[in-house]
Amino acid sequence: MTTAAQRGTTTVSDKAVRKIAERAAVEALADRGATAVRGIAKGSAGVRGLGADVAVDVALPYPAPRAETVRRLQEHVGSRTRQLTGLDVTRPRVGVTALTPPPADSTATEQKETPAHTPTAATSGTRTPWR
């Protein structure tokens with residue numbers, strides 16, 4: 001059997017670490033109820049030896065407790081990136097770029113589109129000038 005020192009090394013690129021961190025952020029936000037998860041995380045990463053510095057910018061769902069959400073996001077991004085790359089990931093930096101509103105409820109949309117009253121001859125078609 002060949003010893004570990006004779007087999008060589010595996011190098012993980014900055015780009016690979018960045019993509020893993022972005023995906024981990026999307027995973028964490030999907031767990032928090034974010035529905036539109038594409039494009040909500042942009043990241044950067046730098047690999048130095050056996051360690052990696054990771055940063056992600058995200059759009060958080062609103063309303064949500066921001067401090068708790070960011071803390072959980074940091075923990076998930078760090079542990080998942082560490083697990084998949086084998087690198088020592090320092091505490092990831094998380095930037096909040098936007099707060100995204102919840103998706104419109106289909107019944108609320110229907111209510112907005114349905115007028116509260118039906119137009120009559122007296123209320124439609126003619127306008128009275130301001131006096």
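Is Arg80 buried, partly exposed or exposed? Arg80 is partly exposed, because its relative accessible area is 25%. Good morning, colleagues. I should state at the outset that the structure before you is a predicted model.

Let me begin with the charged pairs. The structure holds three salt bridges. Arg80 takes part in one of them, its side chain meeting that of Glu27 at 3.2 Å, N to O. This pair links distant parts of the chain, with Glu27 in helix H2 and Arg80 in helix H3, residues 66-85, and the two positions 53 residues apart. Glu27 has a relative accessible area of 21% and is therefore partly exposed.

Another salt bridge joins the side chains of Glu22 and Arg18, at 3.3 Å, N to O. Both residues belong to helix H2, which covers residues 14-31, and they stand four residues apart, about one turn of the helix. How do the two partners fare in accessibility? Glu22 has a relative accessible area of 15%, so it is buried; the cut-off for that class is under 20%. Arg18, at 24% relative accessibility, counts as partly exposed.

In helix H3, the side chains of Glu68 and Arg72 also meet in a salt bridge, here at 3.1 Å, N to O. Because Glu68 and Arg72 are four residues apart in helix H3, about one helical turn separates them. Glu68 is partly exposed, with a relative accessible area of 30%, and Arg72 is likewise partly exposed, at 43% relative accessibility.

I turn now to Lys42, which is located in strand S1, residues 41-48. At 57% relative accessibility, Lys42 counts as exposed, since that class requires a value over 50%. Which residues does Lys42 touch, once neighbours within four places in sequence are left aside? Its contacts are Glu22, Ala55, Val56 and Asp57. Glu22 is thus in contact with Lys42 as well as in a salt bridge with Arg18. As for Val26, its C-alpha lies 9.8 Å from that of Lys42, with the two residues 16 apart in sequence.

Finally, the nonpolar surface. Tyr62, Val96 and Leu99 make a nonpolar surface patch of about 270 Å². One of these residues, Leu99, lies in strand S4, residues 93-100. Leu99 counts as partly exposed, because its relative accessibility is 37%.

To close, I return to the pair with which I began: the Glu27 and Arg80 side chains meet in a salt bridge, and they do so between helix H2 and helix H3. Thank you for your attention.

Technical notes
Residues are numbered from 1 along each chain as its sequence is written. This is a predicted model: local features need pLDDT of at least 70, side-chain atom pairs count only at pLDDT 80 or more; totals for chains, interfaces and linings use all residues. Side-chain values use heavy atoms; hydrogens and water are left out. Patches are made of residues with over 30% relative accessible area and no salt bridge: like charges are joined within 9 Å, nonpolar side chains (Val, Leu, Ile, Met, Phe, Trp, Tyr) within 5 Å. Accessible areas come from the Shrake-Rupley method with a 1.4 Å probe; for residues, only the protein chains shown count as cover. A salt bridge is a side-chain nitrogen of Lys or Arg within 4 Å of a carboxyl oxygen of Asp or Glu. Buried means under 20% relative accessible area, exposed over 50%, partly exposed in between (1.4 Å probe, protein chains only). Contact means heavy atoms within 4.5 Å.
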